[in-house]
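Subject: Structure handover: pockets, cavity and surface patch

Hello,

Here is the structure for you to load. My notes on it come straight after.

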Amino acid sequence: MSENNSVGIVAPKTAHFSEPLALKGGGVLPQFDLVYETYGTLNADKSNAVLICHALSGHHHVAGKHHESDKYAGWWDNMIGPNKPLDTNKFFVIGLNNIGGCHGSTGPISINPATSQPWGSAFPIITVEDWVNSQARLMDRLGISQLAAVIGGSLGGMQALQWTIAFPGRVRYALVIASAPNLTAQNMAFNEVARQAIITDPEFHGGDYYAHGVVPRRGLRIARMLGHITYLSDDVMGEKFGRKLKDGIKYSFDVEFEMESYLRYQGDKFAGEFDANTYLRMTRALDYYDPALTFGGDLSKALSQTKAKFLVVSFTSDWRFSPARSREIVKALLDNESTVSYAEVTAAHGHDAFLMPDKHYHAILQTYLGSIEVGDAK
Amino acid sequence: MQNNVKYTIFRQDFAIIANWLKFGDKVLDLGCGDGELLKFLGATLEIKGYGVEKDDDNVLACVKNGTNVIQMDLEDGLSGFENQSFNTVVLSQTLQAMHNTERIVLEMLRVGEEVIVTFPNFGYWRNRLQITAGRMPVSKSLPYQWFDTPNVHLCTLHDFDDFCKNHNIDILERKVLTEGQEVSLMPNLLGSLAMYRLKHK
């Protein structure tokens with residue numbers, strides 16, 4: 001992508017909320033900060049706002065760069081910008097870091113006002129429902145009573161879905177991408193292994209490792225390595241690495257295969273910049289989300305009050321959030337005679353495909369988003 | 001059943017389908033292409049329409065047309081659709097290209113209160129003539145060569161009538177067209193497009 005369709009240099013903002021937020025798990029966050037970024041211009045009747053919900057390791061920095069010298073742009077820069085699928089000439093785009101995160105919004109590394117120490121293990125378990133409630137507070141703050149669209153992939157797609165359930169009148173379009181109406185046992189099992197890697201790291205200290213001046217690096221690293229395996233397809237790993245060796249077989253446990261090198265690099269990079277307590281909470285939010293649960297497992301009933309129009313997208317090689325799971329959402333929407341379209345994109349990249357600039361995928365989103373009506377700019 | 005739909009478009013088959021539907025019906029169009037039929041039915045009858053399509057370019061065209069489209073392969077059946085959840089399920093000029101032909105018709109009857117199936121009549125005299133002349137037919141309604149045709153299950157009106165009889169399917173109505181004109185005389189010989197309105201007995 002050339003620079004002229006970038007949103008350019010952007011700066012995060014912080015919104016402080018002093019009203020307590022009651023959490024689904026029973027606790028209360030007495031106050032909280034949300035860090036967010038915006039791209040494009042909010043129009044006169046505030047009808048062009050689009051909220052981006054992030055996935056497990058995402059954050060508010062969705063597009064553009066913070067400094068000219070930044071090596072990488074925001075995590076969904078290929079999707080958002082002038083003339084990109086989510087066109088910032090038309091839409092006012094909001095990206096935020098969810099509570100429980102580690103990129104500036106209130107989370108386990110934040111100072112607990114009650115103790116003047118980092119929250120650590122005392123930070124409550126956050127759910128998708130809590131996130132959506134906190135996001136609605138941010139929309140209130142920005143004066144946006146109704147979103148033109150809410151968009152999310154993976155765990156972000158669950159938030160998009162939850163918006164339509166919790167605030168049916170506040171979202172016109174929901175784009176639920178590479179997501180699921182809940183996690184399967186196998187999917188939760190990966191999360192459990194990831195959490196066990198972190199929790200059993202001797203430097204975890206029950207979650208209060210900040211006080212010891214250490215971080216459970218090894219656990220977080222293994223958790224991320226495992227995650228990466230599940231985000232890629234067998235085919236893509238085969239194509240990318242195959243059985244390629246770095247030098248040659250040495251009959252050792254060092255890095256010998258290219259695949260090992262990749263996983264260790266990804267694990268190390270992640271362990272150096274992400275908070276283990278956040279990782280635990282993000283995976284738990286994934287596990288717990290199940291909007292059909294209070295309706296006897298009937299997803300159609302759970303979605304019966306939604307008013308949004310839906311675009312559901314899945315990717316053929318995604319086995320962690322398989323097309324079959326997206327089709328469950330589509331079926332529930334069809335049962336309710338909702339307005340819904342479903343695209344099953346042929347893509348090799350597994351779960352990661354939702355972040356890739358696939359031509360057909362982007363064309364679908366560009367066309368769909370292009371058809372959304374918004375008011376005049378002034 | 002007549003809605004007296006005023007149509008200005010040239011697709012007589014669309015107009016006949018429209019006349020077999022009621023205002024505000026819920027319609028599923030299988031193999032919906034670019035969503036043209038659903039768009040027409042939405043504009044004329046305000047139907048609640050959904051299309052099913054497997055081809056990427058057609059799915060994109062449907063999105064462009066503002067038609068609800070579900071991307072899936074009809075050969076896999078209609079497992080994502082509840083019993084009797086649509087007033088009418090349409091399969092327009094796609095039957096002959098299906099591999100699981102029998103299954104899809106039965107699936108349509110499960111999902112729809114009524115079913116509309118249209119297909120090119122292989123018994124049309126021009127086809128017969130070409131076969132008599134010793135060649136596989138190539139025509140406006142069957143525009144493919146034998147080696148590149150997607151049409152694997154061609155049939156005549158008589159064949160389809162028998163199929164319905166053997167599968168306990170009620171033929172509510174049948175219309176036969178040639179060049180957009182209705183044919184009533186010797187339809188299996190003179191008709192090029194067969195249109196059936198069906199229901200489970």
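Below is what turned up in the search for pockets, cavities and surface patches. Please keep in mind that this is a predicted model.

**Largest pocket**

Start with chain A. The largest pocket holds about 1500 Å³ of space. Its lining is made of 47 residues. Nearest the centre of this pocket are Ser57(A), Trp75(A), Arg224(A), Lys269(A) and Leu355(A). Three elements of chain A give two or more residues each to the lining: helix 4 (217–231), helix 5 (234–240) and helix 6 (258–271). Helix 6 of chain A gives the most, with five residues. By type, the lining of the largest pocket splits into 21 nonpolar, 16 polar and 10 charged residues.

**Second largest pocket**

Now centre your view on Gly31(B), Gly33(B), Ser92(B), Gln93(B) and Thr94(B). These are the residues closest to the centre of the second largest pocket, out of 32 that line it. The space in this pocket is about 750 Å³. Helix 2 (36–45) and strand 2 (48–53) of chain B supply at least two lining residues each. The lining of the second largest pocket divides into 12 nonpolar, 10 polar and 10 charged residues.

**Cavity**

How many cavities of 30 Å³ or more does a search of the whole structure find? The search finds one. The space in this largest cavity is about 40 Å³. Its lining takes two or more residues from each of helix 3 (185–199) and helix 4 of chain A. Helix 4 of chain A has the largest share, four residues. The full lining is Leu56(A), Phe190(A), Asn191(A), Ala194(A), Ala223(A), Leu226(A), Gly227(A), Tyr231(A), Tyr279(A) and Arg320(A). Seven of the lining residues are nonpolar, two are polar and one is charged. Note that helix 4 of chain A also appears in the lining of the largest pocket.

**Surface patch**

Last, the surface of chain B. Met136(B), Trp146(B) and Phe147(B) make a nonpolar surface patch of about 420 Å². Met136(B) sits in the loop between helix 5 (125–132) and helix 6 (157–166) of chain B. Is Met136(B) buried or exposed? Met136(B) has a relative accessible area of 48%, so it counts as partly exposed. Patch residues need over 30%, so Met136(B) passes that cut-off.

That is the full set of notes.

Best wishes

Conventions:
Residues are numbered from 1 along each chain as its sequence is written. Chains are lettered from A and ligands numbered from 1 in the order in which they are written. This is a predicted model: local features need pLDDT of at least 70, side-chain atom pairs count only at pLDDT 80 or more; totals for chains, interfaces and linings use all residues. Side-chain values use heavy atoms; hydrogens and water are left out. On a 1 Å grid over the protein atoms alone, a cavity is a set of points where a 1.4 Å probe fits but cannot get out, and a pocket is an open set with protein on both sides within 12 Å along at least five of seven lines; lining residues have an atom within 4 Å of a point. Grid points are joined across faces, edges and corners, and a volume is the space filled by probe spheres set on the points. Ala, Val, Leu, Ile, Met, Phe, Trp, Tyr, Cys and Pro count as nonpolar, Asp, Glu, Lys and Arg as charged, and the others, Gly among them, as polar. Patches are made of residues with over 30% relative accessible area and no salt bridge: like charges are joined within 9 Å, nonpolar side chains (Val, Leu, Ile, Met, Phe, Trp, Tyr) within 5 Å. Accessible areas come from the Shrake-Rupley method with a 1.4 Å probe; for residues, only the protein chains shown count as cover. A salt bridge is a side-chain nitrogen of Lys or Arg within 4 Å of a carboxyl oxygen of Asp or Glu. Buried means under 20% relative accessible area, exposed over 50%, partly exposed in between (1.4 Å probe, protein chains only).
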